[in-house]
Structures are given as structure tokens and as C-alpha cells.
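Reader: I am new to this one, and I would like to go through it slowly with you. Could you show it to me before I start asking things?

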Amino acid sequence: MENRKLIKNAIEFIQKHPKENLSLQSIADNAGFSLTYFDALFRKHTGYSPVEYARIYKLTRAALELRRTEKTVLDIALAFGYESPESFTRAFKTFYSLPPS
């Protein structure tokens, strides 16, 4: 039961920082776990690695901003921590099977 609460806290941490490039180390540190144990525990509870979960959450939030605002792909790519609109477009196309525009 305690592990479930700690995983929930890790998910909340990810959701509070969607515009940052979170590393496994930063998420594990926030949750108070060692890397290996945390990675295995997070996968067991969510079906995703912590970094994969953070990437999916980030892309989901970016997609919402694309639909709900007038921001450009460039603005959203940079706001969500992508180094270029091209890297954002690649990630978006891989996940959604269509371009962000």
C-alpha cells in the first residue's frame, strides 16, 4: 500500500512538471527510491517506465495546447522542452501517427 502512495506521488510530480525534461534520476529522487527499484516498481504499477510515462504525459499536454490555443508548433515545442520543432514533430508523429500541425 505504501508503494502505491509513493508511485502516486511520483505521477503527481511528473504531472506538475510537464514542460521539463525529467530524467529517471530526478523522478526517483523525488519519490525517494533507488533507480533500479523505482523503475521496476513504477512499471509494475503503471505499465510504463517513469520516463516513458513523462513523455506520454508531455505529448498529451502539448496536443491539448495545440487544440485549445493559437500557439504555434514552435512555441509549444519550446515550451515543452523540445530542442527544436523538428524533434517535437518527430515525437508527436511517432506517438499520434500524424503531424502536430
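**Talking through the chain**

Author: A good place to begin is lysine 19, which, leaving aside residues up to four places away in sequence, touches Glu65, Ala79, Phe80 and Gly81. Please keep in mind that this is a predicted model.

Reader: Okay, and where does lysine 19 lie?

Author: Lysine 19 sits in the loop between α1, residues 2-16, and α2, residues 24-31. Its relative accessibility is 37%, so lysine 19 counts as partly exposed. As for alanine 77, lysine 19 is 58 residues away from it in sequence, while the two C-alpha atoms are 9.4 Å apart in space.

Reader: Let me step back a bit: how many helices and strands does the chain have?

Author: The chain has six helices and zero strands, and reading along the sequence gives the pattern α-α-α-α-α-α. The C-alpha trace spans about 40 × 20 × 20 Å along its principal axes.

Reader: And what share of the residues in the chain is buried?

Author: Of the 101 residues in the chain, 36% are buried. If you look at contacts with a separation of 6 or more, 51% of them are accounted for by residues 24 or more positions apart.

Reader: Which residues does isoleucine 27 touch?

Author: Not counting residues up to four places away in sequence, isoleucine 27 touches Ala10, Phe13, Ile14, Leu22, Phe38 and Pro50. Isoleucine 27 belongs to helix α2.

Reader: Why does isoleucine 27 count as buried or exposed, whichever it is?

Author: Isoleucine 27 has 0% relative accessibility, and buried means under 20%, so isoleucine 27 counts as buried. For a sense of distance, isoleucine 27 and lysine 5 are 22 residues apart in sequence and 14 Å apart in space, taken from C-alpha to C-alpha.

Reader: At what angle do α2 and α3 pack?

Author: The angle between α2 and α3 is about 90°, and their axes are 10 Å apart, so the two helices are roughly perpendicular to each other. On the α2 side the residues are Leu24, Gln25, Ile27, Ala28 and Ala31, and they meet Leu35, Phe38 and Asp39 in α3. Sorted by class, this contact of α2 with α3 has six nonpolar, one polar and one charged residues.

Reader: What about α1 and α3, how do they pack?

Author: Helix α3 covers residues 35-46, and α1 packs with it at an angle of about 90° with the axes 10 Å apart. That makes α1 roughly perpendicular to α3. From α1 the contact uses Asn3, Arg4, Ile7, Ala10, Ile11 and Ile14, and from α3 it uses Tyr37, Phe38, Leu41, Phe42, His45 and Thr46. Here the residues of the contact divide into eight nonpolar, three polar and one charged.

Reader: Moving along the chain, where is serine 49 found?

Author: Serine 49 is in the loop between α3 and α4. With a relative accessibility of 11%, serine 49 counts as buried. Leaving out residues up to four places away in sequence, serine 49 touches Asp39, Phe42 and Arg43.

Reader: And how do α4 and α6 cross?

Author: Helix α4, residues 50-68, and helix α6, residues 85-96, have axes that come within 11 Å and cross at roughly 100°. These two helices are therefore roughly perpendicular to each other. In α4, Arg55, Ile56, Leu59, Thr60, Ala62, Ala63 and Leu66 meet Phe88, Ala91, Phe92, Phe95 and Tyr96 of α6. By class, the contact of α4 with α6 has 10 nonpolar, one polar and one charged residues.

Reader: Changing topic, what is the volume of the largest pocket, and which residues line it?

Author: The volume of the largest pocket is about 200 Å³. Its lining is made up of Ile14, His17, Pro18, Glu20, Asn21, Leu22, Val51, Ala54, Arg55, Lys58, Tyr82 and Ala91. With four residues, α4 gives the most to this lining, and by class the lining divides into seven nonpolar, two polar and three charged residues.

Reader: One last thing, what is the phi of serine 97?

Author: Serine 97 is not a glycine, yet it has a positive phi of about 60°. Most residues other than glycine have a negative phi. Serine 97 lies in the segment after α6, and with a relative accessible area of 65% serine 97 is exposed.

How values were computed
Residues are numbered from 1 along each chain as its sequence is written. This is a predicted model: local features need pLDDT of at least 70, side-chain atom pairs count only at pLDDT 80 or more; totals for chains, interfaces and linings use all residues. Side-chain values use heavy atoms; hydrogens and water are left out. Axes are lines fitted to C-alpha atoms, for helices over the stretch in contact, and angles run from 0 to 180 degrees between N-to-C directions. Angles under 35 degrees count as roughly parallel, over 145 as roughly antiparallel, 65 to 115 as roughly perpendicular and the rest as oblique. Contact means heavy atoms within 4.5 Å. Ala, Val, Leu, Ile, Met, Phe, Trp, Tyr, Cys and Pro count as nonpolar, Asp, Glu, Lys and Arg as charged, and the others, Gly among them, as polar. On a 1 Å grid over the protein atoms alone, a cavity is a set of points where a 1.4 Å probe fits but cannot get out, and a pocket is an open set with protein on both sides within 12 Å along at least five of seven lines; lining residues have an atom within 4 Å of a point. Grid points are joined across faces, edges and corners, and a volume is the space filled by probe spheres set on the points. Buried means under 20% relative accessible area, exposed over 50%, partly exposed in between (1.4 Å probe, protein chains only).
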